[in-house]
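The following exercises introduce a structure through its strands, helices, cores and loops. Each task is followed by a solution that proceeds step by step.

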Amino acid sequence: MQKIFHSTMDCFIGATELPVWVVYLGKGRHPARFFHDHNYSEIAVIIRGPARHVLDGENVPVAAGDVLIIHPGAVHAYDETGEMEIINLIFDPSRLSLPQLDGYSMPLFGKIFPDGKNLYHSANPAARLAPDDLTEAVRMIRKLEDELKDPLPGKLFLCMALFMEIIAFISRKSGQDGGEQRANFLIGDAIRYMNRHYAEPVELEKLARIAKMSERSFFRHFHVSAGCSPIEYLMKIRLRHGCDLLINSNSSIAEIAEQCGFYDSNYFCKQFRRAFAVSPRSFRQQYRAG
């Protein structure tokens, strides 16, 4: 297999634009076996099929309603594309200031925005939408497409809102069974608790009780939903609040560490540097210098 084309986000948007774009290809418009990769992530929604998706030696059938997720570094193509109609939502997560909130309570969200350790990489569809849900998803993506091309004031603000709405809609409608949905809902209760009580000691036993599960089941379901352990997720929450305080307050590093649930400022600095490759002090100086 030979890579034919390398696509970049700069092909679609300027440096000051929101790093999100929509590419629609009507029936028979997508070239067959056009192998390519890109430096952005892509959610591809098959509107009409059949066709085949080729990636890493896999060659799998796709049809209307299938949702494919392709991340940077994956060389892929479509084959037997004569009947295929497809709409691609492309984005660069490294350039998006996207709040995670409880997004990781939806399993598909973790495939769209992997934490770096669990990169979704497969020719198989990541989800499948029912016909009515497919119609609604396409309508939402086409609305975003129109707004991205519209120069009206507030364009970036509205497009970000539409982008988040599409991600949430597809993630919710991704064909999970009732038991999995119930488990994810309960995991969401624990995540909401962590977001409210991140500055306090948070124990796994307490979170498992909130989710109405044993500690073992809670840990397993949480990792499936969020792509990381509860402790790792709590650390992300605390560090995110640490960033906010470094930018928006004049509190000392030690005070910020305590406000974010770290009772040792040295440990806070160590974890901050591990996550962002810069010390809290340098982070604050760089932001204020900018």
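Two strands pair if DSSP finds at least two bridges between them. Helices (H or I, at least four residues) and strands (E, at least two) are DSSP runs, numbered from the N terminus. This is a predicted model, in which local features need pLDDT of at least 70 and side-chain atom pairs count only at pLDDT 80 or more, while totals for chains, interfaces and linings use all residues. Residues are numbered from 1 along each chain as its sequence is written, and side-chain values use heavy atoms, with hydrogens and water left out.

**Exercise 1. The sheet**

Task: State in which order the five strands of the open sheet are arranged, and which strands lie at the edges.

Solution.
Step 1. Begin with the pair β2 and β9 (residues 85-91), which are antiparallel and share six bridges. Within this pair, L25 is opposite I86 of β9.
Step 2. Continue from β9 to β4: seven bridges connect these antiparallel strands. Here S41 faces F91 of β9.
Step 3. Proceed from β4 to β7, again antiparallel, with four bridges. In this pairing E42 stands opposite I70 in β7.
Step 4. The full order is β2-β9-β4-β7-β10, an open sheet with antiparallel pairing. The edge strands, each pairing on one side only, are β2 (20-25) and β10 (127-128).
Step 5. For reading side chains, recall that in a regular strand they alternate between the two faces of the sheet.

**Exercise 2. Helices across the sheet**

Task: Identify which strands helix α2 lies across, and which strands helix α3 lies across.

Solution.
Step 1. Fix the terms. Contact means heavy atoms within 4.5 Å. Axes are lines fitted to C-alpha atoms, for helices over the stretch in contact, and angles run from 0 to 180 degrees between N-to-C directions.
Step 2. Helix α2 (residues 131-148) lies across β2, β4 (41-48) and β9, and its angle to β2 is about 120°.
Step 3. Helix α3 (residues 155-172) lies across β2, β4, β7 (66-70) and β9, at about 120° to β9.

**Exercise 3. Burial and the cores**

Task: Determine what share of the residues is buried, and which residues of the largest nonpolar core touch the most other members.

Solution.
Step 1. Buried means under 20% relative accessible area, exposed over 50%, and partly exposed in between (1.4 Å probe, protein chains only). By this rule, 48% of the 290 residues of the protein chain count as buried.
Step 2. Strand β4 is largely enclosed by the rest of the structure, because seven of its eight residues are buried.
Step 3. A nonpolar core is a set of buried Ala, Val, Leu, Ile, Met, Phe, Trp, Tyr and Cys residues joined through side-chain atoms within 4.5 Å. The largest has 60 residues, of which V20, L144, F163, M194, F218 and Y233 touch the most other members. Its largest share, eight residues, comes from α3.
Step 4. Leaving aside neighbours within four places in sequence, V20 has contacts that include M9, I13, L89, L144 and F163.
Step 5. A second, separate core of 14 residues includes A51, V60, Y78 and I86.

**Exercise 4. Individual residues**

Task: Decide whether A277 is buried or exposed, and do likewise for E145 and C228.

Solution.
Step 1. A277 lies in the loop between α9 (265-276) and α10 (280-289). Its relative accessibility is 70%, so A277 counts as exposed. The phi angle of A277 is near 60°, a positive value in a residue other than glycine.
Step 2. E145 belongs to helix α2. With 9% relative accessibility, E145 counts as buried. Its C-alpha atom is separated by 9.0 Å from that of L89, although the two residues are 56 apart along the chain.
Step 3. C228 sits in the loop between α6 (215-226) and α7 (230-248). At 2% relative accessibility, C228 counts as buried. C228 and G110 are 118 residues apart in sequence and 9.5 Å apart in space, C-alpha to C-alpha.

**Exercise 5. A cis peptide bond**

Task: Locate P50, and state which form the peptide bond from G49 to P50 takes.

Solution.
Step 1. P50 is in the loop between β4 and β5 (51-55).
Step 2. The bond from G49 to P50 is cis, with omega near 5°.
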